[in-house]
Amino acid sequence: MSVVFDCPHCQAERVRGTAFDLRETVRVNERVPKWGWSSHWVRCSKCSAELYSKVRAEDMQGASPSTVNQRVSSYQPLTQRFLAVASVAMGWTPVVGVIVGVVATVANVRTQGWPRWLSIVGLVLAAGFNVAMFWVLLYMQTQIGSPLTPQ
Ligand SMILES: [Zn+2]
């Protein structure tokens, strides 16, 4: 789907872009149904930047440049930014922190800029914290389970 718009990335005016839809799916295992989401993008023919679009590629047909401009942004979609922040905020929680970290990293794998790096930081924090917590729990269990030894 070809559109004409003003690219917010390279500042080119009335540049040709290609609108396309992207379907991303995550499959945990055979029993869990596929979990996925669609995103819509416009690729600038001049600088090849992939810009996030609020509407489907087919809804871009016949849209005037000013309409396309309103629907396209170089910003990350809110959910992906939210997940990136959540992955760090939830990093201290047992198990949930790791799950949010993985989801955020997968959701942001194609995006550029800070949400991607923040997701990875969140995942590393969550993984590190959960591993540390596991050892602490294991240590406490062995201490409680063993008889008191004389000093
Ligand atoms: Zn451009």
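Helices (H or I, at least four residues) and strands (E, at least two) are DSSP runs, numbered from the N terminus. This is a predicted model, in which local features need pLDDT of at least 70 and side-chain atom pairs count only at pLDDT 80 or more, while totals for chains, interfaces and linings use all residues. Residues are numbered from 1 along each chain as its sequence is written.

**Exercise 1. Confidence and layout**

Task: find the mean pLDDT of the protein chain, and list its helices and strands in sequence order.

Solution:
- Start with the score: pLDDT is the predictor's confidence in each residue, from 0 to 100.
- The protein chain averages 85, and 87% of the residues score at least 70.
- Next, look at the elements: strand β1 (residues 2-5) has the highest confidence, at 94, and strand β3 (residues 35-44) the lowest, at a mean of 83.
- A word of care: where pLDDT is low, the predicted coordinates should not be read in detail.
- Now count: there are four helices and five strands in the protein chain.
- Reading along the sequence gives β-β-β-β-α-β-α-α-α.

**Exercise 2. Burial and contacts of the whole chain**

Task: what share of the 151 residues counts as buried, and what share of the contacts between residues at least 6 apart joins residues at least 24 apart?

Solution:
- Take the burial rule: a residue is buried if 20 or more other C-beta atoms lie within 10 Å of its own, exposed if 12 or fewer, and partly exposed in between, with C-beta atoms placed from the backbone.
- By that rule, 24% of the residues of the protein chain are buried.
- Take the contact rule: two residues are in contact if their C-beta atoms, placed from the backbone, lie within 7 Å.
- Among contacts between residues at least 6 apart in sequence, 56% join residues at least 24 apart.

**Exercise 3. The pair α2 and α3**

Task: describe how α2 and α3 pack, giving angle and axis distance, handedness and the residues that meet.

Solution:
- Begin with α2 (residues 78-89): its 12 residues reach 16 Å from first C-alpha to last, close to the 16 Å expected at 1.5 Å a residue. The expected span is 1.5 Å times one less than the number of residues.
- Helix α3 (residues 96-107) also has 12 residues and a reach of 16 Å, close to its expected 16 Å.
- Note the buried positions. In α2 they are Gln 80, Arg 81, Leu 83, Ala 84, Ala 86, Ser 87 and Val 88. In α3, the buried residues include Val 100, Gly 101 and Ala 104.
- Then the geometry: two packed helices are described by the angle between their axes and the distance between the axes.
- The angle of α2 with α3 is about 145 degrees, and the axes are 8 Å apart. Axes are lines fitted to C-alpha atoms, for helices over the stretch in contact, and angles run from 0 to 180 degrees between N-to-C directions.
- The crossing is left-handed, a term for a near helix turned anticlockwise from the far one by less than a right angle (right-handed if clockwise).
- At the contact, Gln 80, Leu 83, Ala 84, Ala 86 and Ser 87 of α2 meet Val 100, Gly 101, Val 103, Ala 104 and Ala 107 of α3.
- These residues divide into seven nonpolar, three polar and no charged. Here Ala, Val, Leu, Ile, Met, Phe, Trp, Tyr, Cys and Pro count as nonpolar, Asp, Glu, Lys and Arg as charged, and the others, Gly among them, as polar.

**Exercise 4. Classify single residues**

Task: are Leu 118, Val 102 and Val 95 buried, partly exposed or exposed?

Solution:
- Leu 118 is found in helix α4 (residues 114-145). Leu 118 is buried because 20 other C-beta atoms lie within 10 Å. Leaving out residues up to four places away in sequence, Leu 118 touches Ala 84, Val 85, Ser 87 and Val 88.
- Val 102 lies in helix α3. With 17 other C-beta atoms within 10 Å, Val 102 is therefore partly exposed. Its C-alpha is 8.3 Å from that of Ile 120, 18 residues apart in sequence.
- Val 95 lies in the loop between α2 and α3. Val 95 has 10 other C-beta atoms within 10 Å, so Val 95 is exposed. Its phi is near 60 degrees, a positive value in a residue other than glycine.
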